[in-house]
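Here is a short tour to read alongside the sequence and the coordinates. Keep the viewer open and follow along.

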Amino acid sequence: MFFSKKSYTVSRNITLEAKSGTNLYKLLIDENLINPTLCNGAGQCGKCKMRYLSPNPPKPVYKETLILAKVNIDAGYRLACQQVIKKNIEKTRISRQSRTL
């Protein structure tokens with residue numbers, strides 16, 4: 001399978017590049033942008049909650065519908081551990097609860 005590099009904008013000051021198919025949680029851990037969560041990326045604790053600020057966030061996966069409230073999903077929140085980079089992502093905000101202090 002061919003994986004192309006995709007860019008991921010975390011904030012106005014940080015842009016990361018990763019191969020298509022990379023797990024967003026793992027990328028953020030590797031770049032030391034968030035702390036490991038209680039479930040270590042298994043989609044059970046909700047501590048890696050992040051928000052897509054772009055108008056068309058990806059559809060939530062099943063685990064996200066169990067952890068996140070519908071109002072949060074509608075507002076563009078997703079779990080980083082459940083997100084696989086498939087295309088360029090811009091304007092994404094990582095929640096404070098999972099950020100490195």
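The sections below go from the overall fold to charges, cysteines, a surface patch and two backbone details.

## Overall architecture

Please keep in mind that this is a predicted model. The secondary structure adds up to 3 helices and 5 strands, and reading along the sequence gives the order β-β-α-β-α-α-β-β.

The protein has 101 residues, and 34% of them count as buried. If we take the contacts between residues at least 6 apart in sequence, 58% join residues at least 24 apart. The surface exposed by the protein is about 6,700 Å², with carbon and sulfur atoms supplying 50% of that area.

## Charged side chains

How many salt bridges does a search of the whole structure find? The search turns up 1. The pair is K70 and D74, whose closest N and O atoms are 2.9 Å apart. Both K70 and D74 are exposed. The two residues sit in helix α3 (residues 70-74), and because they are 4 residues apart there, about one helical turn separates them.

E64 offers another case to look at. This residue belongs to helix α2 and is buried, yet has no salt bridge. The nearest side chain of opposite charge is that of R78, 4.3 Å away, whereas a salt bridge needs the nitrogen within 4 Å of the carboxyl oxygen. Setting aside neighbours within four places in sequence, E64 is in contact with K59, I73, R78, L79, Q82 and Q83. R78 is thus one of the contacts of E64, even though E64 has no salt bridge.

## Cysteines without disulfides

A search of the whole structure finds 0 disulfides. Why is C45 not bonded to C39? The sulfur of C39 is the closest cysteine sulfur to that of C45, but the 3.7 Å between them is too far for a bond; the cut-off for a disulfide is 2.5 Å. C45 itself is partly exposed, with a relative accessible area of 25%.

C81 is likewise in no disulfide, and its nearest cysteine sulfur, that of C48, is 3.6 Å away. Is C81 buried or exposed? With a relative accessible area of 6%, C81 is buried.

## A nonpolar patch on the surface

Y62, L66 and I67 make a nonpolar surface patch of about 340 Å². If you would like a starting point for viewing it, try L66, which lies in helix α2 (residues 62-67). L66 is exposed, and its relative accessible area is 55%. Helix α2 also holds E64, which is buried, so this one helix is worth viewing with both residues displayed: L66 as an exposed residue and E64 as a buried one.

## Two asparagines with positive phi

Most residues other than glycine have a negative phi. Which kind of phi value does N32 have? N32 has a positive one, near 60 degrees. N40 also has a positive phi, near 55 degrees.

Where along the chain should you look for them? N32 lies in the loop between α1 (24-30) and β3 (49-52), and N40 is placed in the loop between α1 and β3 too. N32 counts as exposed because its relative accessibility is 54%, and N40 counts as exposed at 51%.

Terms used:
Residues numbered from 1 in each chain as written. Predicted model: local features only at pLDDT ≥ 70, side-chain atom pairs only at ≥ 80, totals over all residues. Heavy atoms only, no water. Patch = residues over 30% accessible without salt bridge, like charges linked within 9 Å, V, L, I, M, F, W, Y side chains within 5 Å. Areas by Shrake-Rupley, 256 points an atom, 1.4 Å probe, with all protein chains shown as cover. Buried < 20%, exposed > 50% of the residue type's maximum accessible area, 1.4 Å probe, protein only. Lys, Arg positive; Asp, Glu negative; His and termini not counted. Contact = heavy atoms within 4.5 Å.
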